[in-house]
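Here is a protein chain to look over. The questions after it deal with charge, fold and core.

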Amino acid sequence: MTNMCPTKTPMPEQAPNVRNKNFDEVASGYTVEMALNEAARCLNCKNHPCITGCPVSVPIPNFIEQVVKGEFEEAYKVITTASSLPAVCGRVCPQEAQCESKCVRGIKGESVSIGRLERFVADYHLQHADEAVEKPESNGHKVAVIGSGPAGLTCAGTLAKMGYSVTVFEAFHTAGGVLMYGIPEFRLPKAIVQKEISTLKKLGVDIETNMVIGKVLSVDELFEDGFEAVFVGTGAGLPNFMGIEGEGLIGVYSANEFLTRINLMKAYKEEYDTPIIRPKNVAVVGGGNVAMDAARSALRLGAENVYIVYRRSEDEMPARNEEIHHAKEEGVIFKLLSNPIRVIGNDDGKVVGLECVEMVLGEPDAGGRRRPVAKEGSNFVLNTDAVIIAIGNSPNPLIRSTTEGIEANAKGCIIVDENTMKTTKEGVYAGGDTVTGAATVIKAMGAGRNAAKSIDEYIKSK
Ligand code: FAD
Ligand code: SF4
Ligand code: SF4
């Protein structure tokens, strides 16, 4: 029977004043009973509008129907026809702007919690599934994938299932891209990412870490080594800075560096000797997911006052609603309509403050967002011993600067044919943040999957 409750079945989570002192996952996921209760809210709509909101078209009503029947492994099979990382997407997809934004239950109440159900199904599978993964028969063709983020992993997994021999080259010592070094443990446990990666390895995907392509080997050398096609999924890991006075002071971090030290180099664990400043007062500049992650991580490292400094209002913040909500609950202080103009240092070159100016919103800019304008004479100083800059990332130029024929646009994003993900160089495909600029996990996965299909067609047509 349909559950006509207008609100989502709540998901248990740690209390804010407990979780802001540890790195354990905030939400513990649905129990079987909760999942059945939430799945019963789905109306199994004939025209399934929810699917149109999902960038990879997960057959949402079909998987929820299986959950209603208690057939959780069947539900997993349905989801994985479209998404190769459901335990990740169920946790980090901006569902409120994607699948859930189109759900009809959202018209008179809250949408069905598609993300939580997806997470439940994926976690159930990870806990109960038979570990054996059948390795497909080889088709004798070799493909190289550069970068092991969601784009590269999805491309590799899709090709491996078709019988290709796939080698993933990763610059870092651990595979997973932003899933490992960016998104913190309390939002996405690293064991889950590693489990998804071990499934790929069982499919036969070879992952070579500490391999910076463009330095250790070039793209052309990969072709010389017998790879018939190359997929570039190198992400957008080059942090942008504001260009204001004092950005070189000790205590100024890019969010990437700060989060990498915490997530990949485990700075929060006593037994790891990772150098990191443990600031008492921190200003995080930016309003996206990256800023929220940096602010919430700083709290967990022991900071007393953590400020989000954002030059527009909360309505314009690009971060997921859930992240903003969680950050506020945990005690992050929001300094909205505030723009940094100078990082202040002491005689030792260390950060002691951030000078900001208050803003008002003026006319909309070309993108439709109201342009912030400085209020004269409204300068103020936040006393901080660290400033974390989280105002966006750009693609790293290494691959295209060391490979002739791969063209990029003015923002440094690799140019591809949108349907085939083919770059301007024969046999080279690209997708994910290196093509779009900083975007989302599910979009990167979708691009990796599309590229794999095109690579298959390309190699078969040779
Ligand atoms: P990446 O994940 O960046 O992976 C690229 C990989 O390529 C990296 O491992 C890198 O080391 C490797 N590489 C780079 N250059 C080379 C080279 N020359 N040779 C070999 N390897 C190389 N998205 C969401 O959907 N929801 C969220 O909640 C969310 N939160 C985020 C929080 C943070 C802190 C960050 C930084 C991003 C977040 N995102 C989120 C965005 C999302 O993680 C990215 O859009 C996604 O990871 C892009 O995938 P990708 O595979 O293109 O690149
Ligand atoms: Fe929604 Fe993301 Fe799952 Fe698609 S992959 S159904 S957008 S949670
Ligand atoms: Fe279920 Fe909502 Fe999709 Fe309808 S739109 S099938 S209620 S998830």
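**Charge, fold and core**

Q: How far apart are the mean positions of the positive and negative charges of the protein chain?
A: Lys and Arg count as positive, Asp and Glu as negative, with His and the chain ends not counted. Each charge is placed at NZ of Lys, CZ of Arg, CG of Asp or CD of Glu. With 49 positive and 59 negative charges, the mean positions lie 4 Å apart.

This is a predicted model: local features need pLDDT of at least 70, side-chain atom pairs need 80 or more, and totals for chains, interfaces and linings use all residues. Side-chain values use heavy atoms, without hydrogens and water, and residues are numbered from 1 along each chain as its sequence is written.

Q: What share of the 462 residues is buried?
A: Buried means under 20% relative accessible area (1.4 Å probe, protein chains only). In the protein chain, the buried share of the 462 residues is 55%.

Q: Which helix gives the most to the largest nonpolar core?
A: A nonpolar core joins buried Ala, Val, Leu, Ile, Met, Phe, Trp, Tyr and Cys residues through side-chain atoms within 4.5 Å. The largest has 89 residues, and Ile60, Phe63, Val67, Leu117, Leu222 and Ile455 have the most contacts inside it. Helices are DSSP runs (H or I, at least four residues), numbered from the N terminus. Ten residues of this core come from residues 441-460, helix H17.

Q: How many residues does the second, separate core have?
A: Its members include Ala291, Ala319, Ile324 and Ala386. The count for this second core is 32 residues.

Note on methods:
Chains lettered and ligands numbered in written order. Buried < 20%, exposed > 50% of the residue type's maximum accessible area, 1.4 Å probe, protein only. Helix = DSSP H or I, 4+ residues; strand = E, 2+ residues; numbered from the N terminus.
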